[in-house]
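Open the model in your viewer and get ready to select residues by number. We will go stop by stop.

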Amino acid sequence: MPLQPPPLPREFYDRHAIDVARGLLGKRLIRETAAGLVSGRIIETEAYLASDDPACHAARGKTRKNASMFGPPGHAYVYPIHSRYCFNVVTEPEGVPSAVLVRAVEPLAGLALMQSRRGQDRLRELASGPAKLCEAFEIDRGWDGWDLTQGCQLWIAAEGGSLVRAASVGRSTRIGVTSAQHLPLRFFIRNHALVSGPRRLRE
């Protein structure tokens with residue numbers, strides 16, 4: 001397997017969730033498995049804040065299920081939803097439970113493997129949503145707490161990712177939350193065909 005780009009350092013994640021959510025746009029999500037490698041350009045994220053954010057899973061305190069959110073920055077937080085999964089990155093210092101949900105990626109490598117996992121040939125349907133993304137990248141609850149800064153099996157790299165100008169970044173309210181619906185904490189690459197949200201939410 002060709003040499004892959006190195007992971008983002010822990011310092012990248014040790015920032016406010018909003019800064020990380022913006023900063024992840026254009027970065028490359030990479031997943032290595034025995035079946036092969038898949039990767040994609042991150043095009044949509046959502047921030048979940050440690051305070052004043054009732055939609056955050058840690059809003060009511062630490063539990064066995066959300067414990068990864070309280071851990072060191074740069075680790076994965078993976079939770080189940082409707083028999084599928086959502087992949088988040090933990091942000092800010094240890095003990096500050098915030099995270100960024102990776103909502104959508106643009107597939108770059110391993111397209112046939114993603115299609116096989118998803119049972120879907122259409123590019124639009126491979127990773128344009130958090131549950132689709134996890135299925136295409138074979139990410140499940142077993143990856144909860146994984147250290148993304150190790151640079152193996154599952155990580156995010158800057159190299160190979162596109163630089164995203166501030167003018168190209170859109171911002172809107174989050175999708176599918178039942179509380180704190182007014183908070184503009186969703187970030188995405190403007191006019192990208194593969195973002196998960198409806199066009200009416202785009203700036």
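**Stop 1: strand S4**

Select residues 84-91, which make up strand S4. This is a predicted model. Is S4 enclosed or open? Six of its eight residues are buried, so the rest of the structure largely encloses S4.

Now add residues 76-81, strand S3. S3 and S4 pair in the antiparallel sense, over six bridges. Which residue of S4 is the bridge partner of Ile81? Pick Arg84. Two residues lie between these strands, and together S3 and S4 form a hairpin. Click on His82 in the turn: its phi is positive, about 50°.

Go to the other partner of S4. Select residues 98-109, strand S5. S4 and S5 run antiparallel and are joined by four bridges. To see one pair, show Val89 with its bridge partner in S5, Val100. S4 and S5 form a hairpin as well, with six residues between the strands. Within this hairpin, look for Glu92, which takes a positive phi near 65°.

**Stop 2: Arg103**

Stay on strand S5 and select Arg103. Is Arg103 buried or exposed? Its relative accessibility is 8%, and buried means under 20%, so Arg103 counts as buried. Show what surrounds this side chain. Arg103 touches residues distant in sequence, including Glu44, Thr45 and Glu46. Other contacts of Arg103 include Ala127, Ser128, Gly129, Pro130 and Leu133. Ile175 and Ser196 are also among the residues that Arg103 touches.

**Stop 3: helices H3 and H4**

Pro130 leads us to the next element. Select residues 130-137, helix H4. Seven of the eight residues of H4 are buried, so this helix is largely enclosed by the rest of the structure. The buried residues are Pro130, Ala131, Lys132, Leu133, Cys134, Ala136 and Phe137. What covers them? The cover includes strand S1 (28-33), S2, S4, S5 and H3.

Add H3, residues 111-118. H3 and H4 pack at an angle of about 115°, and their axes are 8 Å apart. The two helices are therefore roughly perpendicular to each other. H3 passes H4 in a right-handed crossing. Show the side chains at the contact: Met114, Arg117 and Arg118 come from H3, while Lys132, Glu135, Ala136 and Phe137 come from H4.

Step just past the end of H4. Glu138 follows the helix, and its phi is positive, near 55°. Then jump to Gln153, in the loop between H4 and strand S6 (154-157). Gln153 is not a glycine, yet its phi is positive, near 65°. Gln153 is partly exposed, with a relative accessible area of 34%.

**Stop 4: Ile43 and strand S8**

Select residues 36-48, strand S2, and find Ile43 there. How accessible is Ile43? Its relative accessible area is 0%, so Ile43 is buried. Show its contacts. Among them are Leu25, Ala104, Val105 and Glu106. Phe187, Phe188 and Ile189 touch Ile43 too, as do His192, Leu194 and Val195. Now set a distance from Ile43 to Arg190, C-alpha to C-alpha. These two are 147 residues apart in sequence and 8.9 Å apart in space.

Next, select residues 186-189, strand S8. In a regular strand, side chains alternate between the two faces of the sheet. In S8 both faces are covered. Arg186 and Phe188 are buried on one side, and Phe187 and Ile189 are buried on the other.

S2 and S8 run antiparallel, joined by three bridges. Show Glu44 and its bridge partner in S8, Phe188. Then add residues 169-172, strand S7. S7 and S8 also run antiparallel, with four bridges between them. In this pair, Val169 stands opposite Ile189 of S8.

Move on to Asn191, in the segment after S8. Is Asn191 buried or exposed? At 71% relative accessibility, Asn191 counts as exposed. Asn191 has a positive phi near 65°, and it is not a glycine.

**Last stop: confidence**

Color the model by pLDDT. The protein chain averages 93, and 95% of the residues score at least 70. Now select residues 199-203, where pLDDT stays under 50. The model has 14 contacts beyond four places in sequence for this stretch. Where pLDDT is low, the predicted coordinates should not be read in detail.

Technical notes: Residues numbered from 1 in each chain as written. Predicted model: local features only at pLDDT ≥ 70, side-chain atom pairs only at ≥ 80, totals over all residues. Heavy atoms only, no water. Buried < 20%, exposed > 50% of the residue type's maximum accessible area, 1.4 Å probe, protein only. Pairing = 2+ DSSP bridges. pLDDT = per-residue confidence, 0-100. Contact = heavy atoms within 4.5 Å. Axes fitted to C-alpha atoms, helices over the stretch in contact; angles between N-to-C directions. Parallel < 35°, antiparallel > 145°, perpendicular 65-115°, else oblique. Left-handed = near helix turned anticlockwise from the far one by under 90°.
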